[in-house]
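User: I'm new to this structure and would love a close look at one part of it. Could you walk me through the charged pairs, and then show me what lies around them?

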Amino acid sequence: MKVELAAIVHLDWLKAHDVHVSPVWSARCLSLGEYRVAVIDAEPVGFLRHSWFWGTIPYMELVLVLAPVRRHGIGTALLKHWEAAMILRGARFLMTSSMADEPEPQAWHRRNGYRETGQLTFGSMQPTPEVFFIKEI
Ligand SMILES: CC(C)(COP(=O)(O)OP(=O)(O)OC[C@H]1O[C@@H](n2cnc3c(N)ncnc32)[C@H](O)[C@@H]1OP(=O)(O)O)[C@@H](O)C(=O)NCCC(=O)NCCS
């Protein structure tokens, strides 16, 4: 398994698996280097997509590993690859979030050094609070 910056060959796979954003947004993120993929024998098995809060703080929007290969270190490898790249770009804080009723990803974030920093609700769009995490480098 290796982690790499996503390339155009991964776009169809990302469009199919990153269902939270539109295909147009996936293409935009790819062109800006905001996707990383984990691949096994050239087949993607997971991805990490980020953006920038305030234009300066890297915000990991979504990390996803295919269910059959979870808990084998792939999510952590994606995270480490992303963190190293963000540190090289001068980041002092890293940020992520997950829904309050998702204890499993929250446990994973904490295990990787992220601490809870607050919650936001988004009215009828998302009644369940979104829990934000930061990591100071
Ligand atoms: C969260 C996710 C990315 C973690 O990736 P992963 O490759 O499965 O995790 P890793 O193998 O790198 O890390 C495993 C460790 O994380 C923690 N962990 C991972 N999944 C867990 C779970 N379901 N319950 C509790 N702890 C969990 C454990 O400490 C585990 O170590 P262990 O197996 O030795 O107990 C993956 O489970 C996933 O894609 N989940 C669905 C999508 C999602 O919820 N994404 C996060 C929202 S942004």
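Analyst: Happy to. Let's begin with a small network of salt bridges that links D18, R49 and E61. Please keep in mind that this is a predicted model.

Within that network, the side chains of D18 and R49 meet in a salt bridge, with 2.6 Å from N to O. R49 belongs to strand β3, while D18 sits in the loop between α1 (11–17) and α2 (23–31), so their pairing ties together parts that are 31 residues apart in sequence. Are these two partners buried or exposed? R49 counts as buried, because its relative accessibility is 3%. D18 is buried as well, with a relative accessibility of 0%.

The structure holds eight salt bridges, and a couple of others are worth a visit. Side chains of opposite charge can pair when their charged atoms come close. R28 and E34 give one such example, their side chains meeting in a salt bridge of 2.7 Å from N to O. Here R28 is partly exposed at 29% relative accessible area, whereas E34 is buried at 6%. K2 and E4 form another salt bridge, and their closest N and O atoms are 3.4 Å apart. E4 counts as partly exposed, since its relative accessibility is 23%.

Now back to α2, the helix on one side of the D18 loop. Its buried residues are S26, C29 and L30. Viewed down the helix axis, these residues fall within an arc of 100 degrees, so they line one face of α2. That buried set packs against α1, β2 (35–40) and β3. The face turned away from the buried side carries the exposed residues V24 and S31. Just after the helix, G33 takes a positive phi of about 70 degrees.

Next come the nonpolar parts. In soluble globular proteins, nonpolar side chains tend to be buried together. The largest nonpolar core here has 17 residues, and those touching the most other members are A38, I74, L78, W82, M86, L94 and Y114. Two or more residues come from each of β3 (43–53), β4 (57–65), α3 (74–88) and β7 (126–136). Of these elements, α3 gives the most, with six residues. To picture one member up close, take M86: leaving out residues up to four places away in sequence, M86 touches R36, H50, W52, P58, A91 and L94. There is also a second, separate core of twelve residues, which includes L11, L14, L30 and F47. L30 is thus a link back to the helix above, being one of the buried residues of α2.

One last stop is S97, a residue of strand β5 (residues 93–99). S97 is buried, with a relative accessible area of 8%. What does its side chain meet through polar contacts? One partner is the side chain of Y59, at 2.7 Å. Another is the side chain of E130, also joined by a polar contact of 2.7 Å. Setting aside neighbours within four places in sequence, S97 is in contact with Y59, M60, H109, E130, V131, F132 and F133.

To retrace the walk in the model, you could start from the network of D18, R49 and E61, move on to the buried face of α2, and finish at S97 in β5.

Note on methods
Residues are numbered from 1 along each chain as its sequence is written. This is a predicted model: local features need pLDDT of at least 70, side-chain atom pairs count only at pLDDT 80 or more; totals for chains, interfaces and linings use all residues. Side-chain values use heavy atoms; hydrogens and water are left out. A nonpolar core is a set of buried Ala, Val, Leu, Ile, Met, Phe, Trp, Tyr and Cys residues joined through side-chain atoms within 4.5 Å. Buried means under 20% relative accessible area, exposed over 50%, partly exposed in between (1.4 Å probe, protein chains only). Helices (H or I, at least four residues) and strands (E, at least two) are DSSP runs, numbered from the N terminus. Contact means heavy atoms within 4.5 Å. A salt bridge is a side-chain nitrogen of Lys or Arg within 4 Å of a carboxyl oxygen of Asp or Glu. A polar contact is a pair of N or O atoms within 3.5 Å; within protein, one must be able to donate a hydrogen and the other to accept it, and residues adjacent in sequence count only if both atoms are side-chain atoms. The arc is that of the directions from the helix axis to the C-beta atoms.
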